[in-house]
Amino acid sequence: MSDVSKKTALRKGKTFRELRAHMLESLELRGLEGKTYTSKVEEYMDLWCAFQMAKADVEANGVYLFDERGRRTKNDSAGLMSQLSRQMLAIFTALGFKAEESSFDSDEL
């Protein structure tokens, strides 16, 4: 399955839809309905999809892989998860969310 197909499948999933709806609803309740805010939610959700794909790669292949020469090497997805998590947290915080507001697991933030 291609990355585009994986992202499309994630976007159609229940967790994606619920998280996105929760974030948009929270913004609306606080009167933050402008395009500036909703576009940040969309950016967050794109990062969420990338995080989920990286997480699935690490779960399937492990933190370390073997390159074409048979040498052990770090799975790039493991480092990518950390970078994505930081970006997601920055957006989450900039939108005024707090961790306790979310009913989702921390790995889904």
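## Group meeting: a walk through the helices

Hi everyone. In this chain, 63% of the contacts with a separation of 6 or more are between residues 24 or more positions apart. Please keep in mind that this is a predicted model.

Let me start with the overall layout. The chain has four helices and two strands, and along the sequence they come in the pattern α-α-α-β-β-α. If you draw a box along the principal axes, the C-alpha atoms fill roughly 55 × 25 × 25 Å. The chain has 109 residues, and 27% of them are buried.

Now to the inside. Which residues of the largest nonpolar core touch the most other members? They are M23, Y44, M45, W48 and L95, out of 21 residues in that core. Helix 2 (14-29), helix 3 (35-61) and helix 4 (76-94) are the elements that each give two or more residues to this core. Helix 3 supplies the largest share, with nine residues.

Next, how the helices sit against each other. Two packed helices are described by the angle between their axes and the distance between the axes. Let's take the pairs in turn.

Helix 2 and helix 3 have axes that come within 10 Å and cross at roughly 155 degrees. Because angles over 145 degrees count as roughly antiparallel, helix 2 is roughly antiparallel to helix 3. Their crossing is right-handed. On the helix 2 side, the contact is made by T15, F16, L19, R20, M23, L24 and L27. Facing them from helix 3 are Y37, T38, V41, E42, Y44, M45, W48 and C49. Sorted by class, this contact has 11 nonpolar, two polar and two charged residues. You may recognise some names here: M23, Y44, M45 and W48 were among the core residues that touch the most other members.

Now swing over to helix 4. The axes of helix 3 and helix 4 come within 9 Å, again crossing at roughly 155 degrees. This pair is therefore roughly antiparallel too. Is the crossing left-handed or right-handed? For helix 3 and helix 4, it is left-handed. Helix 3 brings K40, E43, Y44, L47, W48, A50, F51, A54, K55, D57 and V58 to the contact. Helix 4 brings S77, A78, L80, M81, L84, S85, Q87, M88, I91 and F92. The class count for this contact is 14 nonpolar, three polar and four charged residues. If you are following along on the structure, look at Y44 and W48: they take part in the contact with helix 4, and they are also on the list for the contact with helix 2.

The remaining pair I want to show you is helix 1 (residues 3-12) with helix 2. Here the axes come within 4 Å and cross at roughly 60 degrees. That angle makes helix 1 oblique to helix 2. The contact is made by L10, R11 and K12 of helix 1, together with K14, F16 and R17 of helix 2. By class, that is two nonpolar, no polar and four charged residues.

Let me zoom in on two residues from that contact. R11 lies in helix 1. With a relative accessibility of 29%, R11 counts as partly exposed. What does R11 touch beyond its neighbours within four places in sequence? The list is F16, R17, E42, D46 and C49. As for E25, its C-alpha is 18 Å from that of R11, with their positions 14 residues apart in sequence.

F16 is the other one, and its place is in helix 2. Is F16 buried or exposed? It is buried, because its relative accessible area is 4% and the cut-off for buried is under 20%. Leaving aside neighbours within four places in sequence, F16 is in contact with L10, R11, M45, W48 and C49. Take W48 from that list: it is 32 residues from F16 along the chain, yet their C-alpha atoms are separated by 8.3 Å.

Last stop, the strands. K74 is found in strand 2 (residues 72-74), and it is partly exposed, with a relative accessible area of 48%. Not counting residues up to four places away in sequence, K74 touches V63, Y64 and G79. K74 and V63 are 11 residues apart in sequence, and 6.0 Å apart in space from C-alpha to C-alpha.

That's the tour. Thanks for listening, and I'm happy to turn the structure around for anyone who wants another look.

Definitions and conventions. Residues numbered from 1 in each chain as written. Predicted model: local features only at pLDDT ≥ 70, side-chain atom pairs only at ≥ 80, totals over all residues. Heavy atoms only, no water. Core = buried A, V, L, I, M, F, W, Y, C linked by side-chain atoms within 4.5 Å. Buried < 20%, exposed > 50% of the residue type's maximum accessible area, 1.4 Å probe, protein only. Axes fitted to C-alpha atoms, helices over the stretch in contact; angles between N-to-C directions. Parallel < 35°, antiparallel > 145°, perpendicular 65-115°, else oblique. Left-handed = near helix turned anticlockwise from the far one by under 90°. Contact = heavy atoms within 4.5 Å. Nonpolar A, V, L, I, M, F, W, Y, C, P; charged D, E, K, R; others polar.
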